[in-house]
Amino acid sequence: MSYVHLYLGLGLLLSVWMFFENKWHEKKNDDALKNILRSTAVHKPHYFEGVMSEFIAPILFFAIGALVWPGLLFLKLKEHGDLFQREKTGWPEEPIFEMHRRNLIEKLTVQEIEEREIVRDPLGAVPVLPFGHLNKGWRKFLDSTGTNFELWSFSAEWAPWGGPELRKGYVQVHQGEIGSYFMTVCREIEKAPETKSLRKKWMRRLTA
Amino acid sequence: MTAQIPERLRYQGEEYAMCTNPLSDYFLMGGESPNFEMNCTALWRGYVGSWEIVADRLYLIGLNGSLEGGRKASLETVFPGFSRRVFAHWFSGKIRLPQGRQLEYVHMGYGSTYERDLLLTIERGVVTQQTIKQNGTADLDAPDGYGVAAMTIFSEKSKE
């Protein structure tokens, strides 16, 4: 048996093993994920797409796999390596939202807040309570509010990873110190579009 | 990060891919989140919500996902007592509904661009404005409509 036959044989074995391992796990994870994917499908697969995915794609995978199997092996090992690395190092931490005194708007009582925050819906798709579906969160927030705490409405802008954001809601203030908050609005602030002249200005600065 | 499977929105008799996740804001604002299971890199959030706009109000009308342990998630899981429809009063911001052919595929989040974006401005669950943003003209053979090119589906083994 030549080295070429050995190389191709090993590749074929590896690609067949990877293909059926993938199929097996797919079947094991079937229900929930496939339901999700089916629910997002915008069109029924064409007959040709079925033939393609069931017969032609596996044959192509075996043929190509037999040739480039060291690459497949590398990807497989990398997949396990990446999962291991992610578990080891975790994700980098996102900036934390902080509020300042300038963000405070108005001092209010619980009753005043609850009156203005009752949510109603003509189709009855919300409990008629302060903050509607978020009422449980509001109750928890009140439970953590001491009797000598003040409640203030707030509005604050900040810049997390995704871009600038506007946050509004109510915050505890105790002896001048800002405490926990309950959010009622969290909205992305639109960035001004980058114009050609602005881009040119930056390019000039960079190349100067 | 992989391109993400979108939410779905029924609006004015049409079905749209919706590149905004209003339920993420709900969880951020203190709404209780069940532990969704992430099975796939194209669905980091672990669920797909079906939404509808009726009389200018945004409603969540379905939820498809799985929870840790393999249990199926539904609307009732997140909003007990509201199994058919939930008014999204917590959401303020823009909803992006990409339309037309693909201009550029970006394999990250909802980064891909399309010929047009139908943008709905929502204030506390109520539609206040509708605009169409023209992004350009795509090649005639470009894919039509939102799509995710590739994803990794995690096996139980690799998650262990």
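In which loop of chain B is the place of Q12(B)? Q12(B) sits between strand 1 (7-11) and strand 2 (14-18) of chain B. The model is a predicted one, and this residue is a convenient place to begin reading it.

Most residues other than glycine have a negative phi. Q12(B) is not a glycine, yet its phi is positive, at about 50°. The relative accessible area of Q12(B) is 60%, so this residue counts as exposed, the cut-off being over 50%.

Further along chain B there is another residue to look at in the same way. R124(B) is not a glycine either, and it has a positive phi of about 45°. The loop that holds R124(B) runs between strand 8 (113-123) and strand 9 (126-134) of chain B. R124(B) has a relative accessibility of 34%; because this value falls between the limits of 20% and 50%, R124(B) is classed as partly exposed.

From these loops the reader can turn to a pocket. The second largest pocket holds about 320 Å³ of space. Its lining is made up of 19 residues, and those closest to the centre of the pocket are H133(A), K136(A), Y26(B), V78(B) and P80(B). Two elements each give two or more residues to this lining: helix 5 (135-143) of chain A and helix 2 (75-78) of chain B. Helix 5 of chain A makes the greatest contribution, with 4 residues. By kind, the lining of the second largest pocket consists of 8 nonpolar, 8 polar and 3 charged residues.

The last stop is on the surface of chain A. There, a nonpolar patch is formed by V4(A), Y7(A), L8(A), F48(A), M52(A), F55(A), I56(A), L60(A), I64(A), L67(A) and V68(A). Together these residues have about 990 Å² of accessible area. Helix 1 (3-28) and helix 3 (47-89) of chain A are the elements that give two or more residues to the patch. Helix 3 of chain A gives the most, with 8 residues.

One of the patch residues, Y7(A), can be followed a little further. Y7(A) belongs to helix 1 of chain A. Is Y7(A) buried or partly exposed? The relative accessibility of Y7(A) is 32%, and therefore Y7(A) counts as partly exposed, since buried would require a value under 20%. Patches take residues with over 30% relative accessible area, so Y7(A), at 32%, meets that limit.

Key: Residues numbered from 1 in each chain as written. Chains lettered and ligands numbered in written order. Predicted model: local features only at pLDDT ≥ 70, side-chain atom pairs only at ≥ 80, totals over all residues. Heavy atoms only, no water. 1 Å grid on protein atoms, 1.4 Å probe; cavity = no way out; pocket = protein on both sides within 12 Å on 5 of 7 lines; lining within 4 Å. Points joined across faces, edges and corners; volume = space filled by probe spheres on them. Nonpolar A, V, L, I, M, F, W, Y, C, P; charged D, E, K, R; others polar. Buried < 20%, exposed > 50% of the residue type's maximum accessible area, 1.4 Å probe, protein only. Patch = residues over 30% accessible without salt bridge, like charges linked within 9 Å, V, L, I, M, F, W, Y side chains within 5 Å. Areas by Shrake-Rupley, 256 points an atom, 1.4 Å probe, with all protein chains shown as cover. Salt bridge = Lys/Arg side-chain N within 4 Å of Asp/Glu carboxyl O.
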